[in-house]
Amino acid sequence: MNTRGPEKQKRRMSVLELSAVLAIAFVIAAPALIQLPGKPLPNGGRAARRYFLRFAAAAALSGVVAGITSALVPDQPMPIIIGAANAALVGGPAYFWAGMRQLRDTSITPGWVVSVAVAATFIASATVTAVIGGPTDGFVLRLILVAVGCGGVAIEAFRPPARDIAAFRLIGVIFAVYAVYSAIRTFMFFAVGEDSPAFQTVFSPLTASVLSILLVVTLCVAVWWSDRALETRARQIEYLINALRSDIASHGAVTVYDVEVPDLSLIRAAFGGPAAAAVDRAAAMSLHELLPDAAHRGRVGRHVVALPGDQRIENLESVVKAATAHAVPNLDYREAIEIRITRYTLHSEAELAAVWPDAAPTATNDLTTRPAGGVVS
């Protein structure tokens, strides 16, 4: 009896380790599963919606793995279990971040960035724990990872264009609450100690569990709400693209102006995010005021407008430059803000797909394929 007991314990631990490795392998491979071929999508808005939902599912998978492995760590502080817990805690919020990035640019690239981060965290955590040895369980490290990861999602949720959707702002609030909770928990861990009455009262397992359940339930509602909002957005994009196709058919051409503000990154670095946002918003508003009847599609640093027929707006650059120059009164750089305008005359749907954001099934911001009718203004 005594000789068989340790053997069973050893086999049980091996199964746990193998299960942890397989679970993390699924989390790391999530982008490949997300990118599985699907039915053709009529526009990039629907592609963004599909990617967001699949990244949300990957985040949920990471959350399940994190919950199970974190519960196992106190009783099974093995390097692989600890590494799996830390890696899954990175993957949860990081995949949500990748999902919200789809509103900026529909791409699988953020998912692969998360995949590399999860793999690196798993290898580093397991290796360090194996080298250090002892009963360490990485509790503080997991609190820091949660605070940083959730804080990153909250920041992304309140940056354009995600902040324009109420459901994404709710997701940002949820992750901000958990980020602050984890940050305060980490601070009090070092300030008063884990065994202090204050720490045990505020951060008891019951309190943490109740807060986690409330946030998860709210997050599920927010994801459902986000899906409805992205569906509405996709329909609006589809309607706009169909209108442009009708203009090509009825007028024989569509004129597209691609207005870029390439200095936004420099303005953001030198004068802060609010200044860059004000300059970008001024560029968008000037285009809406100058061309109220045109079709508009805006992204950060790039604004595209379309007019039926072959038209030329001579004062477009001067209007946009004047608006951006007065967007931030104390911005010393304002007179030198560069505005890059490219004019296209499009005669077919293929040319439209090469220029107009979201017109192609897999839309990106890459304009390396230029239509023959494009003319640099």
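Is His303 buried or exposed in this predicted model? His303 comes out as buried, at 8% relative accessibility. The legends below start with the whole chain and come back to this histidine along the way.

**Figure 1. The whole chain, with its 13 helices and five strands.** Here's the overview to keep beside you for the close-ups. The model is a prediction, and its chain runs to 377 residues, 47% of which count as buried. Take the contacts in the chain with a separation of 6 or more: 75% of them are between residues 24 or more positions apart. As for the outside, the accessible surface is about 18500 Å², and carbon and sulfur atoms account for 65% of that.

**Figure 2. His303 and the residues around it.** His303 sits in strand β3. Its side chain makes a polar contact with the side chain of Asp280, at 2.8 Å. Asp280 also turns up among the residues in contact with His303 once neighbours within four places in sequence are set aside. The others in that group are Tyr257, Asp258, Val259, Ala283, Ala284, Leu287, Arg297 and Gly298. With 8% relative accessibility, His303 falls under the 20% cut-off, so it counts as buried.

**Figure 3. Asp227 and Arg49, a salt bridge between two helices.** The two side chains meet with N to O at 2.5 Å. This pair ties together distant parts of the chain: Asp227 belongs to helix α9 (residues 205-251) and Arg49 to helix α3 (residues 44-72), and they are 178 residues apart. Asp227 is buried, at 9% relative accessibility. Side chains of opposite charge can pair when their charged atoms come close.

**Figure 4. Arg235 and Glu231, a salt bridge within helix α9.** The closest N and O atoms of these two are 2.9 Å apart. Both residues lie in α9, four residues apart, or about one turn of the helix. What relative accessible area does each partner have? Arg235 is exposed at 55%, whereas Glu231 is buried at 10%.

**Figure 5. The salt-bridge network that takes in both pairs.** Zoom out a little from the last two views. Arg49, Asp227, Glu231 and Arg235 are all linked in one network, along with Arg46, Arg228 and Glu238. Across the whole structure, a search finds 12 salt bridges.

**Figure 6. Asp310 and Arg343, a salt bridge from a loop to a strand.** In this pair, the closest N and O atoms are 2.5 Å apart. Asp310 is in the loop between β3 (302-308) and α12 (316-325), while Arg343 is in strand β4 (residues 340-346). That puts the partners 33 residues apart, and the pair links distant parts of the chain. Asp310 is exposed, with a relative accessible area of 56%, but Arg343 is buried at 4%.

**Figure 7. The largest nonpolar core, with 58 residues.** Which members touch the most others? They are Ile24, Tyr95, Phe96, Phe168 and Ile171. Eight helices each supply at least two residues of this core: α1 (4-28), α2 (30-34), α3, α4 (79-100), α5 (109-132), α6 (139-157), α7 (166-191) and α9. The largest share, 13 residues, comes from α4. A second, separate core has 22 residues, including Ala275, Ala276, Ile313 and Ile339.

**Figure 8. Tyr95 and what it touches.** Leave out residues up to four places away in sequence, and Tyr95 touches Val27, Ile28, Ala30, Pro31, Phe55, Ala58, Ala59, Ser62, Gly111, Val114 and Ser115. Tyr95 is also one of the core members that touch the most others.

**Figure 9. A nonpolar patch on the surface.** Phe26, Leu33 and Leu61 make up this patch of about 290 Å². Leu61 is in helix α3. Its relative accessibility of 35% makes Leu61 partly exposed.

**Figure 10. Ala359 and Gly44, 315 residues apart in sequence.** How many Å separate them in space, C-alpha to C-alpha? The distance is 6.6 Å. Ala359 is in the loop between α13 (349-355) and β5 (374-376), and at 6% relative accessibility Ala359 is buried.

Methods
Residues are numbered from 1 along each chain as its sequence is written. This is a predicted model: local features need pLDDT of at least 70, side-chain atom pairs count only at pLDDT 80 or more; totals for chains, interfaces and linings use all residues. Side-chain values use heavy atoms; hydrogens and water are left out. A salt bridge is a side-chain nitrogen of Lys or Arg within 4 Å of a carboxyl oxygen of Asp or Glu. Buried means under 20% relative accessible area, exposed over 50%, partly exposed in between (1.4 Å probe, protein chains only). A polar contact is a pair of N or O atoms within 3.5 Å; within protein, one must be able to donate a hydrogen and the other to accept it, and residues adjacent in sequence count only if both atoms are side-chain atoms. Contact means heavy atoms within 4.5 Å. A nonpolar core is a set of buried Ala, Val, Leu, Ile, Met, Phe, Trp, Tyr and Cys residues joined through side-chain atoms within 4.5 Å. Patches are made of residues with over 30% relative accessible area and no salt bridge: like charges are joined within 9 Å, nonpolar side chains (Val, Leu, Ile, Met, Phe, Trp, Tyr) within 5 Å. Accessible areas come from the Shrake-Rupley method with a 1.4 Å probe; for residues, only the protein chains shown count as cover.
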